[in-house]
Amino acid sequence: MIEFEHTSRWYGQVIGVNDVTCRIGPGLTALLGPNGAGKSTLIKLLTGQILPTAGRVRVLGLAPFANPAVMARLGYCPDSEACYDDQTGEEFVSLMASLSGLRGQERARRVAASIDRVGMAPHARRRIGGYSKGMRQRIKIAQALVHAPDLLVLDEPLSGLDPVARHDVSELLRAIGGEGRCVVVSSHILHEVEAMTSSIVLMYRGRLLAQGDVSAIRGLIDRHPHRIVIDTPDGRALARRLLELPYVLSARLNGPDDSSLEVETRTPDAFYSAFPSIVLADGFRIKAFHSPDNTLEAVFNYLVGS
Amino acid sequence: MRDALLLKASLRDMLRPRKLLAVAVLSVVPAIIAVVFRLAAETHVPSETYAGVASGATFGFVLVMAAVVFGTATVRQEVEQKTIVYLLTRPLPRWRVLLARYAAALVAIVVTVSLATVFLAAAAFCPSGMGAAPIGRDIGVLALGALAYGSLFLFAATLLRRPLIFGVLYAFGWETLVPQLPGAFKALSLMSYLRTLAPHQVPEPVSMELRQALGPLATFTITTGLAWTVLLSVTIGFALAAMAVFRRREYAPRDDD
């Protein structure tokens, strides 16, 4: 659905994105990176707001810049809080629906449905100028959804939302992605998107750092051992047993009474396969088990070398 | 349908309370000047007061100022408040978005100058009645001026980051200075063409002696036909140029992260 081919964009002497080549298909994809990574530039390129300085951008097979054929199938929620403050939420969504070509009863039905879907029905007749940041965010999402686009692009959609709204919006976006539509969500807060999707496009300083499934990306980083933390009262015995495995690099006891064992391995899949049988065979008591390196935060830190 | 809705939304956006205040202030300026003239003058001739103030204040200030304010707001207001993205990511050709904004600006300008003309006539002619004031003609020519100036500032708004500065410099520099210059220089000012179509009896800026000294240069006259041709050409030319620029130019705010 979205294709970047050696796409670069400069703002004078400043690089926005640099030689990015990637494809984004149906489903929910998170565009991740710290501030200044080039996420917003990439989003502006794919929503046809700006032109690439070099390379090519294709959305639904077409060049998106000022292209009504692309815009008809695109829903966009910008990161800016700006809205038409003197309009009510309903008027705003209705205007956007009209500009997308919806008419009469169909428009009224879609407007009501999209407002309801983001939980703004009780506030739809209030002026946007009086909305909180979270309410603005939700009404912006409603206007992006109203014409049922094939491609939904949201720039920092969870920003400013309270935890409940954040959960609701995450669920909503996941549901839309599950319908086979292409949803692109940008964020600089990794744990925000972690709950939504494992499909990521990782940007850093204008460059594409990695793309794909977060665990697959993690697997590629073989120069960094994968850590597994096991909470057990049998730390010493378990460490001794695990160090017999050829793919376990190290074992370290932490915490009070050495109750937390941290193991490093370069082949986590082999470790995860072998671990249950070792525990059962030797009767080790396991209280908790997790890998801090399975988080997006860890992947991101490894990839940028920090 | 979509154009009508866009026009309605643009009008609403254009006539926010702050802009309505500008309309109110601009529309009473000529009337206030006329009242001051009446009070200060020993003998008051309503038609002379009307003609002098209409030429100097309504045409020379209110029309140009309203065109600067509303003409440049067509694009820049949307860019500055970062709402332009909602218009540019909808399945509408960009030229239609711009045309709707232009039409909204025209309505705002025409309302302002029409009110200014009516208030001025009332201030100059009351209580004897406003029948002698050429209100209809003046409003018609002011509307033509709104088209031409609106189009010029629309073009500036699509092209420049700070069109308001250009507009103010043009209005109070160029349009004030150039019509005062002798001879053919006045052909470079849109106001000269408007004053040809709506002549008011006001003192000539160039003396007879200077006219004779300048010879053929001073004999340049703008005919009604030429005035119509130039004003309509300016309107169409700048409107088309604005649409061409708007179609290709980027208006996304540069706040990359």
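1. Angles between helices under 35 degrees count as roughly parallel, over 145 as roughly antiparallel, 65 to 115 as roughly perpendicular and the rest as oblique. Helix 8 (residues 190-197) and helix 10 (residues 224-248) of chain B pack at an angle of about 135° with their axes 9 Å apart, and helix 8 of chain B and helix 10 of chain B are therefore oblique to each other. Axes are lines fitted to C-alpha atoms, for helices over the stretch in contact, and angles run from 0 to 180 degrees between N-to-C directions.

2. This is a predicted model, in which local features need pLDDT of at least 70, side-chain atom pairs count only at pLDDT 80 or more, and totals for chains, interfaces and linings use all residues. Residues are numbered from 1 along each chain as its sequence is written, while chains are lettered from A and ligands numbered from 1 in the order in which they are written.

3. In chain A, six strands form an open sheet of mixed pairing, in the order 5-6-7-3-8-9. Helices (H or I, at least four residues) and strands (E, at least two) are DSSP runs numbered from the N terminus, and two strands pair if DSSP finds at least two bridges between them. Strand 5 (74-77) and strand 9 (207-213) of chain A stand at the edges with a single partner strand each, so one side of each is left without a neighbour in the sheet.

4. Strand 5 of chain A runs parallel to strand 6 (residues 151-155) of chain A, and four bridges join them; A:L74 stands opposite A:L151 in strand 6 of chain A.
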